[in-house]
Amino acid sequence: MSEPIRVLVTGAAGQIAYSLLYSLAKGDVFGKEQPLVLVLLDITPMMTVLDGVIMELQDCALSLLREVIATDKEEVAFKDIDVAILVGSMPRREGMERKDLLKANVKIFKSQGAALDKYAKKTVKVVVVGNPANTNCLTASKSAPSIPKENFSCLTRLDHNRAKAQIALRLGVSANDVKNVIIWGNHSSTQYPDVTHAKVKVQGKEVGVYEAVKDDSWLKGDFITIVQQRGAAVIKARKLSSAMSAAKAICDHVRDIWFGTPEGEFVSMGVISDGNSYGIPEDLLYSFPVVIKDKTWKFVEGLPINDFSREKMDLTAKELMEEKETAVEFISSA
C-alpha cells in the first residue's frame, strides 16, 4: 500500500459532497490501492452536519479511508493537501444579480487561493466546481501565484457527460459508445456543446455523430439547448440542483487527471487558455478538449473549426472576458 494522499473537499456538508465523498473514500477515483485522508471544510454553522457526515463515513467501514478531518479553518484544511476539490461557493439567491454573485465568490476563492498558496503542496491539483466555476477557478489561481496555473481546472465534465448521454439516448446506444464530444467555454448557458468531432460506435462500426444522427437541425438546435439548460431543468423538476450527476462528473474529471485519458479519446475541462491554437484570448479559464498523461493535460490541437462553431466559441469567450473583468476589479478591492 502506498502512502495516504490528502484530499480536501470544500462545501463538504452540502448535497454534491454527500454524493461525492463515498466514491472518493471507496477508491473509485484514486484506485483501490491508494489510501487517503479526507479533509472536509465548511462554514462554522455546518459543523454539526459535518459530524453526521463523519459518522456515516466511519459506518461505511472503508479500508482505504485512513482519517477524516472536519474543519471550518482554512489553515487546517489546506495544509499539505495533494488534491483540492472546491465545491463550496455562494449560491445565487432570488433577485441576485450575476455581478453580486461574482463579488461574493471572488471573496471566497481569493481567500482559498491564498490558503492554497500558503499551506498546500506546490504539486496540488485543484478542481473548482462551485459556480461561476470558470471565473472562481481563475480567481483562485491568480491568488496562488506559487502554484502552476496548469494545476487549476474547473468542472465542465458534467456538461460533457450530458452531451454524451443525449447522443447515446438519441441513437439508442450506450454512453460508452460515444466519445470526443467537446464543451467549449464557460460552464454557463453560453457553453458550446460540440459534436462535430465526436464519434459513435453503431453496430460495431465507429462513425461520426453527424453521420449517425442524420439530423443536423437537431444537432445545431435542440441538442445544444438541452445540454445548455440541463442544470435548470433538473432544478425545476427536483427543486434541488444536480448532485448525483455532478459528483459522478467530478470523479471522472479527477480520475482522468490522476490516471490519464484513454488512447484516442479526449475530454473537456476548464483550463487556462494560454497557448491555445483556437483563437481564444489568453488568461481565460475556458473549457477545451484535452488529453492527459502523467497528471499533465495538453490541448487537443488541429481540430478544424467551422463558422457555426467559431461564432459559438467566441460568444462564450466574450462572456468569460466580461466575468473576468468584473472579478479582477473585485480581486484588487477585496
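Biologist: In this predicted model, which residues of β2 are buried on the side opposite Leu 36, Leu 38 and Leu 40?

Modeller: Both faces of β2 are covered in the predicted model. In a regular strand, side chains alternate between the two faces of the sheet. One side of β2 holds the buried residues Leu 36, Leu 38 and Leu 40, and the buried residues on the other side are Val 37, Val 39 and Leu 41.

Biologist: How many of the residues of strand β2 are buried?

Modeller: Strand β2 spans residues 36-41 and is mostly covered. A residue counts as buried at under 20% relative accessible area. In β2, the number of buried residues is six of six.

Biologist: Which residue of β2 stands opposite Thr 10?

Modeller: Strand β1, residues 5-10, pairs with β2 in the parallel sense, and the pairing runs over six bridges. Opposite Thr 10, the residue in β2 is Leu 41.

Biologist: Are α1 and α10 parallel, perpendicular or oblique to each other?

Modeller: Two packed helices are described by the angle between their axes and the distance between the axes. Helix α1 (residues 15-25) packs against helix α10 (residues 244-259) with axes 8 Å apart and an angle of about 40°. Angles under 35 degrees count as roughly parallel and those of 65 to 115 as roughly perpendicular. The relation of α1 to α10 is therefore oblique.

Biologist: How many residues in the contact of α1 with α10 are nonpolar?

Modeller: From α1, Ile 16, Ser 19, Leu 20 and Ser 23 take part, meeting Met 244, Ala 246, Ala 247, Ile 250 and Cys 251 of α10. This contact of α1 with α10 has no charged residues and two polar ones, while the nonpolar residues number seven.

Biologist: What is the handedness of the crossing of α4 and α5?

Modeller: Helix α4 (residues 98-119) and helix α5 (residues 133-142) have axes 7 Å apart and pack at about 40°. That angle makes α4 oblique to α5. The crossing of α4 past α5 is right-handed.

Biologist: How many charged residues are in the contact of α4 with α5?

Modeller: The α4 side comprises Leu 102, Asn 105, Val 106, Phe 109, Lys 110 and Gly 113, and the α5 side Thr 135, Asn 136, Thr 139 and Ala 140. In the contact of α4 with α5, four residues are nonpolar, five are polar, and the number charged is one.

Biologist: Which are the edge strands of the open sheet β7-β10-β11?

Modeller: The three strands of this open sheet pair in the antiparallel sense, in the order β7-β10-β11. Within the sheet, β7 joins β10 (residues 199-202) over two bridges, and Lys 179 stands opposite Lys 199. Each edge strand pairs on one side only, and these strands are β7 (178-179) and β11 (205-208).

Methods. Residues are numbered from 1 along each chain as its sequence is written. This is a predicted model: local features need pLDDT of at least 70, side-chain atom pairs count only at pLDDT 80 or more; totals for chains, interfaces and linings use all residues. Side-chain values use heavy atoms; hydrogens and water are left out. Two strands pair if DSSP finds at least two bridges between them. Helices (H or I, at least four residues) and strands (E, at least two) are DSSP runs, numbered from the N terminus. Axes are lines fitted to C-alpha atoms, for helices over the stretch in contact, and angles run from 0 to 180 degrees between N-to-C directions. Angles under 35 degrees count as roughly parallel, over 145 as roughly antiparallel, 65 to 115 as roughly perpendicular and the rest as oblique. A crossing is left-handed if the near helix is turned anticlockwise from the far one by less than a right angle, and right-handed if clockwise. Contact means heavy atoms within 4.5 Å. Ala, Val, Leu, Ile, Met, Phe, Trp, Tyr, Cys and Pro count as nonpolar, Asp, Glu, Lys and Arg as charged, and the others, Gly among them, as polar. Buried means under 20% relative accessible area, exposed over 50%, partly exposed in between (1.4 Å probe, protein chains only).
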